[in-house]
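Got the viewer open? Load the complex, colour it by chain, and follow along one selection at a time.

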Amino acid sequence: MRALAAVALLVFAGFGVAAGAPATGTAVDEEQVREIGSQLRCVVCQSMSVADSPSETAHQMREIIRERLAAGDTPEQVKAYFVDKYGLWILLAPPRQGFNLLVWVVPFAGLGIGLVLVAVLMRRWSRQARASAPPAGPVDSAMHERIKREMSEPDR
Amino acid sequence: MSARGLRWIIPLAVVPVLILLGYAFKLNPREVPSPLIGKPATKFSLKTFDGNQISLEGLRGKVVLVNFWASWCYPACYEEAPALERGWQAFKDRGLVVIGINIQDKDEPARKFLTEFGHSFPNAPDPAGRVSVDYGVYGVPETFFIDRAGNVRYKHVGAVTDAIFKEQAERLLGERS
């Protein structure tokens, strides 16, 4: 750690001399570190990202992200390094390719199929209900009278 | 194809769910497969607690057992410690090296651990966690068996027993590189 700090100091000092000003251009974008960390699983936690975990391991992993970015790696390369060591398991979201694509597609496909099924069945049921209802024939005057009479009778 | 005719299909919908659950419940969620098996072991060079430099590269041609441990890792690290020392004593003359890498730990309790078990094989701290991430370590103890050609051949999660040590050591020592 101390050696690393010394190296960092030397590098910065070198840049300072070369540019005649404190080097800010080489500083790693902390937002980028967070962004990468938030996509990686903290290996010692339960369902937590490297960016969110306060654990020592996550801290060290953030340091490695920082170091690799400073060395010129792209965020993709940094993630690829961790995948190389831990497998796809390290990624909090499975990549949208190959077999893992199923994880992304199936829920939406299922929802779509379900909605279509519901729509089809509802139409069919309402049509059936209409078809099987007894024909509403005209009410003759005798029946009309009876309904009126029975409606006005007090309940027994 | 009436709705009534298809009704028997509905209970069948639970079948794939049951199959999935049956499969998943048999898996150990804490066991994560390592993608490193069969691949060249990442080189490392660390300073041991005794002040010596130890590097994996210098051990090419030997079977190397790399054990990640911590003094707070109770009981697993304490269970395996005697087995590691016994295995090292039994196989060191046949070309096997045991390296202990102390991770996520403090200097004092780590040294106390080593004294307590009288470990005579090299042990080094990995203060920045570089080596543990290089080996995809996610907990302690984890042990990697590296063959004579420098490839990771087996990873053991949890305490190493005499039987596991012997089995892997014999297997890898029996190979000619």
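Two residues are in contact if their C-beta atoms, placed from the backbone, lie within 7 Å. Keep that cut-off in mind for the first stop, and remember throughout that this is a predicted model.

**Stop 1: where the chains meet.** Select the residues of each chain that touch the other. You should pick up 15 residues of chain B in contact with 17 residues of chain A. On the chain B side, the touching residues split into 9 nonpolar, 4 polar and 2 charged. As for the predictor's own scores for the complex, the ipTM is 0.80 and the pTM is 0.72.

**Stop 2: chain A.** Hide chain B for a moment and switch to cartoon. How many helices and strands does chain A have? The count is 6 helices and 0 strands, so to speak an α-α-α-α-α-α string when read along the sequence. Of its 156 residues, 14% are buried. Take the contacts in chain A with a separation of 6 or more: 42% of them come from residues 24 or more positions apart.

Now colour chain A by pLDDT. The mean is 82, and 81% of the residues reach 70 or more. Select residues 9-25 of chain A: pLDDT stays under 50 there, and the model has 6 contacts beyond four places in sequence for this stretch. Where pLDDT is low, the predicted coordinates should not be read in detail.

**Stop 3: chain B as a whole.** Bring chain B back. Here you get 6 helices and 7 strands, running α-α-β-β-β-α-β-α-β-α-β-β-α along the sequence. Its radius of gyration is 22 Å, well over the 16 Å that the globule rule gives for 177 residues, so chain B is more spread out than a compact globule. Draw a box along the principal axes and the C-alpha atoms fill roughly 80 × 40 × 30 Å.

Buried residues come to 36% of the 177 in chain B. Among its contacts between residues at least 6 apart in sequence, 73% join residues at least 24 apart. Mean pLDDT for chain B is 91, with 95% of the residues at 70 or more.

**Stop 4: out to helix 2.** Select B:Val17, which sits in helix 2 (residues 14-26) of chain B. Is B:Val17 buried or exposed? It is exposed, because just 9 other C-beta atoms lie within 10 Å, and exposed means 12 or fewer. Add B:Cys73 and run a distance between the C-alpha atoms: 38 Å, for residues 56 apart along the chain.

**Stop 5: the nonpolar core.** Next, pick B:Val64, B:Val66, B:Ile101, B:Val140, B:Phe144 and B:Ile146, the residues with the most contacts inside the largest nonpolar core, which has 52 residues. Strand 3 of chain B gives the most to this core, with 6 residues. Zoom in on B:Ile146: beyond its neighbours within four places in sequence, its contacts include B:Ala41, B:Val63, B:Val64 and B:Val66, as well as B:Asn151, B:Val152 and B:Arg153.

**Stop 6: helix 3 of chain B.** Finish with residues 76-91. At 1.5 Å a residue, these 16 residues should span 22 Å, and the end C-alpha atoms are 22 Å apart, which agrees. Show side chains for the buried set: B:Cys77, B:Glu80, B:Ala81, B:Leu84, B:Gly87, B:Trp88 and B:Phe91. An α-helix has 3.6 residues a turn, so residues three or four places apart point the same way. What do the buried residues of helix 3 of chain B pack against? Select strand 3 (63-69), strand 4 (96-102), helix 4 (107-117) and helix 6 (162-173) of chain B to see their partners.

Terms used: Residues are numbered from 1 along each chain as its sequence is written. Chains are lettered from A and ligands numbered from 1 in the order in which they are written. Helices (H or I, at least four residues) and strands (E, at least two) are DSSP runs, numbered from the N terminus. The expected span of a helix is 1.5 Å times one less than its number of residues. A residue is buried if 20 or more other C-beta atoms lie within 10 Å of its own, exposed if 12 or fewer, and partly exposed in between; C-beta atoms are placed from the backbone. pLDDT is the predictor's confidence in each residue, from 0 to 100. Ala, Val, Leu, Ile, Met, Phe, Trp, Tyr, Cys and Pro count as nonpolar, Asp, Glu, Lys and Arg as charged, and the others, Gly among them, as polar. A nonpolar core is a set of buried Ala, Val, Leu, Ile, Met, Phe, Trp, Tyr and Cys residues joined through C-beta atoms within 7 Å. The radius of gyration is taken over C-alpha atoms; the globule rule is 2.2 Å times the number of residues to the power 0.38.
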